[in-house]
Amino acid sequence: MRSTLGTDLRCDASLYRYETRAVIGTKSDGPVAGAEQGVRRLKDRYIPLLAAAYGVTEDELKRAQDRSFGAADEETAEAEKVPETLAEKITLLLERSYPGRTAPDDQEIADSVNAYAGSQVTTAEDIEALRTGGDDTPVPMVLEGLAKFFDVSKLYFEPNESVARQVYEGLRLMSAAKVGRVRARGMSTEGLPADVLSILNDLASELDKKAGPSTNN
């Protein structure tokens, strides 16, 4: 049996989480919610009560709790993973840079890259291949166009772990601050905490130093 606390045991018992308040004798379902989400383990006195309500043994419930925490740990590890491949880097930018808005599609990205290059150097199909891992060796001009479109250093798309990590951390900061897609230079500071603005500006300066003088191939 590979059940977890919430999605399996409780649901199999046809119980809503709010109903567990009566089972464990508390005013809220916080103890159960914390355990299901891998935040805080159940107190020992709740184990036999929930096991009886779920129709399982105490050992089965404890094992399910362990798996709930294991799943939470795996999700955290995945969330903390710095992108390595070109596809992962593009995906991260699309997922983190447009909170609450629709991310640009492949055609929009291709049009922007071509406008930057001054000629057709890519297509929507080419961008899709880059985004999905079908192609990881685009011509340098395409990488430059992508960097311009997403407003990151072109080094971000190259095999440079330190730069990728900096961009990743910057995106995490912006996501946490709920500022949406913010440009490090010339951005509006309205609603942006001063400490976040300072960090993002430092990040932009560091990326500029690493990128060096801009040249077109």
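# Close-up views of a predicted all-helix chain

**View 1. The whole chain, with eleven helices and zero strands.** The model shown here and in the views that follow is a predicted one. Read from the N terminus on, the elements of the chain run α-α-α-α-α-α-α-α-α-α-α, and of the 217 residues in the chain, 38% are buried. Among the contacts in the chain with a separation of 6 or more, 60% are between residues 24 or more positions apart.

**View 2. Helix H4 and its buried side.** Helix H4 spans residues 46–54, and within this helix the residues Tyr46, Ile47, Leu50, Ala51 and Tyr54 are buried. These five residues lie on the same side of H4, because the arc they cover around the axis is only 125°. Just after H4 comes Gly55, which takes a positive phi of about 75°.

**View 3. Leu61 and its surroundings in helix H5.** Leu61 has its place in helix H5, which covers residues 58–79, and because its relative accessibility is 0%, Leu61 counts as buried. Once its neighbours within four places in sequence are left aside, Leu61 is in contact with Leu5, Leu9, Leu42, Ile47, Leu50, Ala51, Tyr54 and Val56. For one of these partners, Leu50, which is eleven residues apart from Leu61 along the chain, the separation of the two C-alpha atoms is 7.9 Å.

**View 4. The packing of helix H6 with helix H8.** The pair is described here by an angle and a distance: H6 and H8 pack at an angle of about 100°, and their axes are 6 Å apart. An angle from 65 to 115 degrees counts as roughly perpendicular, and H6 and H8 are therefore roughly perpendicular to each other. On the side of H6 the contact is made by Leu86, Ala87, Ile90, Thr91 and Leu94, while H8 contributes Leu130, Arg131 and Thr132. Sorted by class, the residues in the contact of H6 with H8 are five nonpolar, two polar and one charged.

**View 5. The packing of helix H7 with helix H8.** Helix H7, made of residues 106–117, packs with helix H8, made of residues 124–132, at an angle of about 110°, and the axes of the two helices are 8 Å apart. With this angle, H7 is roughly perpendicular to H8. The residues that make the contact are Asp106, Gln107, Ile109 and Ala110 of H7, together with Ala124, Ile127, Glu128 and Arg131 of H8. By class, the contact of H7 with H8 holds four nonpolar residues, one polar residue and three charged residues.

**View 6. The two sides of helix H8.** In H8 the buried residues are Ala124, Ile127 and Leu130. Because they cover an arc of only 120° around the axis, these three residues are on the same side of H8. They pack against H6, H7 and H9, whereas the face of H8 turned away from the buried side carries Glu125 and Thr132, which are exposed. Just after H8 lies Gly133, with a positive phi of about 90°.

**View 7. Helix H9, a mostly covered helix.** Helix H9 comprises residues 140–150, and nine of its eleven residues are buried. These buried residues are Met141, Val142, Leu143, Glu144, Gly145, Leu146, Ala147, Phe149 and Phe150. What covers them includes H7, H8 and helix H6, the last of which spans residues 86–96. Following H9 is Asp151, whose phi is positive and near 60°.

**View 8. The largest nonpolar core, with 20 residues.** Within this core, the residues that touch the most other members are Ile90, Ile109, Leu130, Leu146, Phe150, Val152 and Phe157. H6, H7, H8 and H9 are the elements that give two or more residues to this core, and the largest share, six residues, comes from H9. Leu130, when its neighbours within four places in sequence are left aside, is in contact with Leu86, Ala87, Ile90, Asp135, Pro138, Val142 and Leu146. Apart from this core lies another core, of 14 residues, among them Leu5, Tyr46, Ala51 and Ala64.

Technical notes. Residues numbered from 1 in each chain as written. Predicted model: local features only at pLDDT ≥ 70, side-chain atom pairs only at ≥ 80, totals over all residues. Heavy atoms only, no water. Axes fitted to C-alpha atoms, helices over the stretch in contact; angles between N-to-C directions. Helix = DSSP H or I, 4+ residues; strand = E, 2+ residues; numbered from the N terminus. Parallel < 35°, antiparallel > 145°, perpendicular 65-115°, else oblique. Contact = heavy atoms within 4.5 Å. Nonpolar A, V, L, I, M, F, W, Y, C, P; charged D, E, K, R; others polar. Buried < 20%, exposed > 50% of the residue type's maximum accessible area, 1.4 Å probe, protein only. Arc of directions from axis to C-beta. Core = buried A, V, L, I, M, F, W, Y, C linked by side-chain atoms within 4.5 Å.
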